[in-house]
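Here are a few exercises to work through with the structure open in your viewer. Try each task before reading its solution.

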There are 2 protein chains.
Amino acid sequence: MLSIKDIARIAGVSVSTVSRVMNNKPSVKADKRERVLRVIEETGFVPNRAARDIVLKQTSKVGILLPDTFNQFQRQLFSEVAHNVESYGYYTNFIFISSEDSGEEEVLHKLKSERLDGIVQLKEIELPEFCTYVEQQEIPVIHLTFEIENFMWPTHIHISDRLGAKEATNYLISLGHSDIAFIVGRKFSFGTHREQGYKEALQEHGIRYNQDLTSYVDSYTMREGKRATEALLQRNIPFSALFATSDDLAIGAIRQLVESGLNVPEDVSVIGVDNIEFSEYTDPSLTTIEQPIKEMGKLAVELLHKRIIGKEEPTMRNIVIPYTLIERESTKRK
Amino acid sequence: MLSIKDIARIAGVSVSTVSRVMNNKPSVKADKRERVLRVIEETGFVPNRAARDIVLKQTSKVGILLPDTFNQFQRQLFSEVAHNVESYGYYTNFIFISSEDSGEEEVLHKLKSERLDGIVQLKEIELPEFCTYVEQQEIPVIHLTFEIENFMWPTHIHISDRLGAKEATNYLISLGHSDIAFIVGRKFSFGTHREQGYKEALQEHGIRYNQDLTSYVDSYTMREGKRATEALLQRNIPFSALFATSDDLAIGAIRQLVESGLNVPEDVSVIGVDNIEFSEYTDPSLTTIEQPIKEMGKLAVELLHKRIIGKEEPTMRNIVIPYTLIERESTKRK
DNA sequence: CTGAAAGCGCTTACAG
DNA sequence: CTGAAAGCGCTTACAG
């Protein structure tokens with residue numbers, strides 16, 4: 001493998017000059033610059049990033065924090081994030097947050113050993129030590145698809161979960177439904193916000209909130225959607241519509257409804273959130289509140305990059321991305 | 001940030017000794033070892049990988065080569081690979097192969113600048129310079145889910161595409177079908193192998209191969225499955241079964257059949273390949289040939305790791321993983 | 001068993 | 001504008 005010394009020798013200049021050329025520093029005479037550039041070109045030399053990182057005290061690594069069991073939405077999202085991370089020239093460093101009790105501590109430990117330049121966080125972490133560490137190390141963090149308040153200066157990128165959920169519920173109400181079942185997770189803030197939106201919509205239309213029409217899940221997966229729907233059906237409380245707070249949940253829900261002999265949307269209208277790729281291809285295709293995955297992934301990395309290179313002040317920023325209601329076949333007028 | 005010097009100073013030993021302790025070298029007296037270990041523990045010191053990599057002439061990075069448009073199967077697969085890569089302590093380096101003409105050359109360029117320790121390749125690359133480069137740099141490569149012959153010493157991990165496809169076709173035949181439509185890609189070897197298996201099954205059962213029942217796709221996505229099925233239907237040649245060579249294709253196909261007023265499986269039985277998560281939740285749920293994604297991802301990284309650390313000789317290895325026919329609702333006796 | 005020293009491939013004050 | 005030198009945080013012969 002060639003090193004900067006080789007290039008210097010071949011071009012007949014010092015390593016300092018080669019370094020300056022590579023880093024586009026101004027103070028190099030045109031002819032030397034040309035010469036160095038030509039040698040680099042001819043030899044196909046590529047500088048060793050590890051060496052560079054070591055003196056610049058950086059790592060060129062961006063961590064993507066995500067749960068170890070993720071749904072399709074998250075898969076699409078982190079694919080998008082990874083794609084952008086690579087295109088900015090960073091290395092991708094996945095850190096999976098185990099759902100075990102010790103999960104968050106493991107993340108902290110791993111984080112300490114990785115020395116990341118920045119983090120895109122796709123799942124909330126509550127461990128106070130984690131927040132403290134990130135803060136005092138001044139590691140730029142972007143929170144993607146959620147918003148929490150126990151942090152000093154991260155940027156949040158997300159849709160308004162409350163308003164999105166409210167719109168979904170309003171939409172079902174506008175179709176004449178009033179017995180609207182609801183599937184949501186307890187643990188994360190975006191679930192809480194969606195639950196709030198759901199309740200608000202009911203209230204504003206004078207529909208009494210019935211707790212027995214809500215089924216809670218541990219994760220936003222198809223499996224959980226199916227299980228939660230089974231639980232709902234066992235309660236024997238009639239409902240003509242179902243709002244599942246992710247498309248994965250909704251697809252699992254529809255599957256359970258069908259297995260239980262119900263038709264969608266004839267017997268039950270179903271609406272989801274996310275607009276994952278599959279929602280267009282299911283039968284019936286899924287009405288949903290779209291989160292613009294590509295846009296969010298791109299923006300997250302763009303902002304993270306700016307913060308890493310110091311172009312952006314580390315102030316708290318809350319970026320709310322517009323959602324879109326996409327009407328498909330899984331919902332119907334009552 | 002602490003460095004090895006700090007630890008040496010605090011523990012009252014030389015940096016050499018600290019280094020030896022960290023790398024589990026035998027020749028360190030127990031008491032000094034203890035002392036160093038304690039200081040490391042107390043300070044939470046973690047060695048700088050970049051510095052280590054630089055002297056060991058390694059990068060600790062594993063590249064995952066994948067197409068820039070991928071289907072759910074590939075998404076599940078590379079999630080799995082990435083998970084394992086991280087757990088072995090490597091950094092993940094995604095390299096997306098653009099479908100543009102220049103895509104493979106860009107990959108080569110990127111590869112040269114990355115100095116990867118190893119590669120898991122999820123998509124074929126034909127560019128001869130790529131093969132040459134990987135060979136002469138002696139970069140360990142694992143080919144995952146396909147098998148090609150223009151390479152000196154990579155390991156292939158895959159199901160038998162020919163036999164899997166044959167089994168799928170045989171299964172449809174055993175249900176009484178003889179007009180079996182077929183959706184497959186032209187470009188990649190595994191497509192060719194699956195096409196071969198399909199034809200063999202037909203032939204062995206005395207069914208004439210009808211080229212007009214085959215529809216070709218550019219990628220194994222739902223979108224392409226839908227499009228290919230539309231093309232099939234437009235030909236107005238009756239078929240009672242359809243073998244789509246990926247679940248993504250099959251799901252797109254079912255969607256098109258439904259939109260065209262056909263029932264699955266009553267009018268058309270559909271079988272896929274892969275057993276992606278969704279195939280269990282679609283309506284009807286999808287009969288398919290399972291590729292064991294978790295197992296394949298794990299094995300790929302395990303073998304790559306062995307090769308990187310030199311425990312495994314770089315001989316050509318062809319590892320054929322068993323597939324499984326999973327019967328669900330999308331197929332039915334004629 | 002242990003430490004001082006050289007070296008990995010870079011960057012960047014410093015001096016000219 | 002340019003080069004010699006010091007330094008980043010490690011590992012590993014080498015000598016004792």
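**Exercise 1: a strand pair**

Strands S8 (residues 241–244) and S9 (residues 269–274), both of chain A, pair over three bridges, in the parallel sense. Keep in mind that this is a predicted model.

Task: find which residue in S9(A) is the bridge partner of Phe243(A).

Solution: Start at Phe243(A) and step across to S9(A); you land on Ile271(A), its bridge partner.

**Exercise 2: the whole sheet**

Task: work out the strand order of the open sheet in chain A, and say which strands are at its edges.

Solution: Step one, walk across the six strands of chain A: the order is S7-S6-S8-S9-S10-S12, with mixed pairing. Step two, look for strands that pair on one side only: these are S7 (214–217) and S12 (324–326) of chain A, the edge strands. Step three, check the twist, which averages 15 degrees from one strand to the next.

**Exercise 3: a helix on the sheet**

Task: say which strands helix H8 (residues 161–174) of chain A lies across.

Solution: Follow helix H8 of chain A over S6 (180–185), S8, S9, S10 (287–290) and S12 of chain A; against S9(A), the helix runs at about 160 degrees. Now turn to helix H10 (residues 222–234) of chain A, which packs on the sheet and touches S6, S7 and S8 of chain A. The direction of helix H10 makes about 145 degrees with that of S7(A).

**Exercise 4: around the DNA**

Task: sort the surface near DNA strand C by residue class.

Solution: Begin with the 27 residues around DNA strand C; among those that come nearest are Ile4(A), Asn48(A) and Ser14(B). Sorting by class gives 14 nonpolar, nine polar and four charged residues.

Key:
Residues numbered from 1 in each chain as written. Chains lettered and ligands numbered in written order. Predicted model: local features only at pLDDT ≥ 70, side-chain atom pairs only at ≥ 80, totals over all residues. Near = placed C-beta within 6 Å. Nonpolar A, V, L, I, M, F, W, Y, C, P; charged D, E, K, R; others polar. Pairing = 2+ DSSP bridges. Helix = DSSP H or I, 4+ residues; strand = E, 2+ residues; numbered from the N terminus. Axes fitted to C-alpha atoms, helices over the stretch in contact; angles between N-to-C directions. Contact = placed C-beta atoms within 7 Å.
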